[in-house]
Amino acid sequence: MTVEVIKAEVTVSNQDEKVKVVEEVGDVKKDVEVKPEAVEKSSSFKEESNFVSDLKENEKKALTDLKAKLEEAILGNSLFKKEEVKVVEVVEEAKVEEEEKKDEEKIECVKEEVEEKVEEKEGEKVEEKAQEEGEGSKKAVEKKVLNEWGLKIKGAFKGHNLFKKKSKKEVEEKEKAEEKECEESKPEGEAVVEGKVEEVVELVKTEECEEKKAEAVVEEEAAEVVKTEECEEKKAEVVEEVAEVVKTEECEEKEPEAVVEEVAEVVKAEECEEEKKVEEEVVIVDKDISLWGVPLLPSKADEGTDVVLLKFLRARDFKVNEAFEMLKKTLEWRKEWKIDSILDEDLGSDLSAAAYMSGVDREGHPICYNIFGVLNDEELYQKTFGSEEKRDFFLRWRFQLMERGIQKLELKPSGVTSLLQVTDLKNSPGLAKKEVRLAVKQALGVLQDNYPEFVARNILINVPFWYYAFHAVFSTKLTQRTKSKEVFARPAKVTETLIKYIPVEEIPIQYGGLKRENDYEFSSEDGVASELILKASSTATIEIPAPQTGTTFIWDITVLGWDVKYKEEFIPTEEGSYDIIVQKGKTLSAAEGPVRNTFRNPEAGKIVLTIENCSSKKKKVFYRHKVKKCAI
């Protein structure tokens with residue numbers, strides 16, 4: 001068995017570290033600087049340049065044509081017009097007869113209403129005329145009688161003949177009769193005289209009261225006559241107004257069809273105005289329209305416009321018309337789903353473990369992890385796919401995550417313009433789950449149609465056997481370009497596959513990398529991890545010098561392929577001191593995952609990490625170490 005000794009000399013000075021590795025095989029010694037081995041990249045897909053100068057001639061022409069077409073559509077306010085007009089035409093053709101019928105029904109209804117109103121008004125007029133004639137004749141008679149009576153009373157007052165007076169002959173005869181009676185009955189004269197006097201007094205009083213009453217009656221009657229005349233004048237005015245109304249209604253009766261036509265014209269005018277408003281709303285397009293924060297109007301000369309348009313052209317093999325239609329449908333879909341405001345929505349955190357953004361790959365692409373195994377939880381599964389409404393919510397949540405990923409991109413020719421997706425199928429719901437199939441099918445279609453060329457590569461890991469059959473069915477809806485970006489990895493090849501595209505420092509520990517959630521010990525500033533090739537049936541040691549007493553060290557180590565024996569110990573420099581076992585020997589397996597440990601040296605010495613490969617295959621070891629920032 002060959003033994004390889006890796007000595008890492010660490011000098012702590014102003015927080016600068018220098019690492020030298022001396023590899024000893026037998027009696028031969030060589031000083032070499034350890035660097036990560038170059039990783040072979042898949043040749044199935046190569047991301048193209050977004051610089052116009054790097055495009056082929058036919059690609060340049062396609063880009064120019066698409067820009068001209070888009071410029072014309074935006075400036076002519078016709079970006080959405082064509083599609084909307086088609087819809088309007090279809091609706092109009094389908095509803096022409098129905099609208100005509102509705103118009104006829106409206107006109108008939110108006111006719112009937114007008115005729116009913118005319119009939120009602122005629123009846124009311126007849127009744128009113130009859131009442132007015134009856135009341136008018138009665139009041140005329142009363143007025144005539146009152147006038148005659150008033151004239152008679154006035155004449156009586158003027159002639160002083162209100163009360164009837166006796167003639168001179170009657171008076172003389174009466175006086176003579178009285179004188180005879182007086183002569184015949186002289187004893188009774190005084191009594192008679194007194195009685196006569198009293199009668200005369202009473203008669204005078206009676207006449208005065210009657211005159212006063214008559215005057216009061218005359219005054220009351222005169223007031224009533226005045227009031228009656230005023231009422232008659234008002235009634236005359238009312239009669240004139242009624243006559244005018246009657247004439248107007250008679251005109252309306254003579255021309256009901258004209259009224260109906262006017263009403264119908266008003267209704268049609270209102271409908272036309274509504275249609276014009278709808279058309280104006282459909283046609284209006286913002287000249288400053290943008291997509292993912294990039295202006296789409298080519299004349300604005302934004303460097304991101306070419307990048308966005310090239311995505312649509314590449315998704316449609318540089319066919320200008322198809323790319324233009326795809327762009328239009330994407331804009332319409334975003335408007336319908338209100339995608340531009342989706343980042344401001346709070347969709348909860350229930351699905352945060354199902355997909356998340358974390359780290360970047362070797363080329364700087366942000367990485368999106370999709371963890372299907374989380375959906376195997378029955379409660380979360382029903383909450384996510386239990387109904388069509390819940391599936392729509394899941395899709396909206398997934399689109400929001402996609403938009404967040406795009407926010408991390410730099411849509412410029414020199415920038416990173418796409419994402420890397422890692423899809424973990426471990427413990428994911430199987431084919432028996434109909435809701436999953438529907439949701440996945442819909443998500444694939446929407447993402448492919450509305451987010452063209454935003455995925456640089458899609459790595460599927462922990463792929464079960466059943467998924468290959470599932471993928472064979474649904475991959476028929478994927479373009480060849482999309483298929484070329486897919487990479488599949490069985491459970492035993494997960495770390496090996498991911499390391500081809502992602503630095504080990506950016507791979508989560510559950511996939512065999514060194515990245516830990518909320519890690520405050522190591523960061524990108526600490527540099528890349530060192531790589532060690534461990535040959536078959538060999539042992540290697542990694543030595544970390546600790547010359548200063550009381551220094552706390554921290555290290556990470558992971559093995560590609562696992563199944564190796566591993567131990568940690570501290571060996572003092574001073575002779576006679578005892579070695580300290582930091583970690584007893586054990587077998588590292590994939591289930592255990594990467595190792596992280598710390599040690600504070602009580603005296604000068606070195607920390608030795610020993611890895612023994614007992615298999616017949618070579619292994620790769622990735623490790624890093626540093627002095628802890630919180631060291632006392």
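## A walk from two crossed helices to a four-stranded sheet

Start by selecting helix H8 (residues 378-385) and helix H9 (residues 388-407): they pack at an angle of about 90 degrees, and their axes are 6 Å apart. H8 and H9 are therefore roughly perpendicular to each other. Bear in mind as you look around that this is a predicted model.

Now show side chains where the two helices touch. On the H8 side, pick Gln382, Lys383, Thr384 and Phe385; the residues they meet in H9 are Lys390, Arg391 and Phe394. Colour that contact by class and you get two nonpolar, two polar and three charged residues.

Keep H8 on screen and add lysine 433. Where does lysine 433 lie? Look in the loop between strand S8 (419-424) and helix H10 (434-450). Draw a distance from its C-alpha atom to that of phenylalanine 385: the viewer should give 9.6 Å, although the two residues are 48 residues apart along the chain. Which residues is lysine 433 in contact with, once its neighbours within four places in sequence are left aside? Select Glu378 and Tyr381 to see them. Switch on a surface here too: lysine 433 has 26% relative accessibility, so it counts as partly exposed.

Next stop, the sheet. Select strands S11, S18, S13 and S16, and read them in just that order across an open sheet of four strands with antiparallel pairing. Which strands form the edges? Strand S11 (530-534) sits at one edge and strand S16 (595-600) at the other, each pairing on one side only. Tilt the view to follow the twist: neighbouring strands of this sheet are turned by 25 degrees against each other on average, ignoring direction.

Zoom in on strand S13 (residues 552-560) beside S16. How many bridges join this antiparallel pair? Count six along S13 and S16. For a landmark, click phenylalanine 553, then look straight across to S16, where phenylalanine 599 stands opposite.

Finish with the cysteines. If you were planning to hunt for disulfides, you can skip it: the structure holds zero. Two cysteines still make a nice contrast in surface view. Select cysteine 368 to begin with; its relative accessibility is 3%, so cysteine 368 counts as buried, the cut-off being under 20%. Then jump to cysteine 614, which has a relative accessible area of 47% and is partly exposed.

Notes: Residues numbered from 1 in each chain as written. Predicted model: local features only at pLDDT ≥ 70, side-chain atom pairs only at ≥ 80, totals over all residues. Heavy atoms only, no water. Axes fitted to C-alpha atoms, helices over the stretch in contact; angles between N-to-C directions. Parallel < 35°, antiparallel > 145°, perpendicular 65-115°, else oblique. Contact = heavy atoms within 4.5 Å. Nonpolar A, V, L, I, M, F, W, Y, C, P; charged D, E, K, R; others polar. Pairing = 2+ DSSP bridges. Disulfide = S-S within 2.5 Å. Buried < 20%, exposed > 50% of the residue type's maximum accessible area, 1.4 Å probe, protein only.
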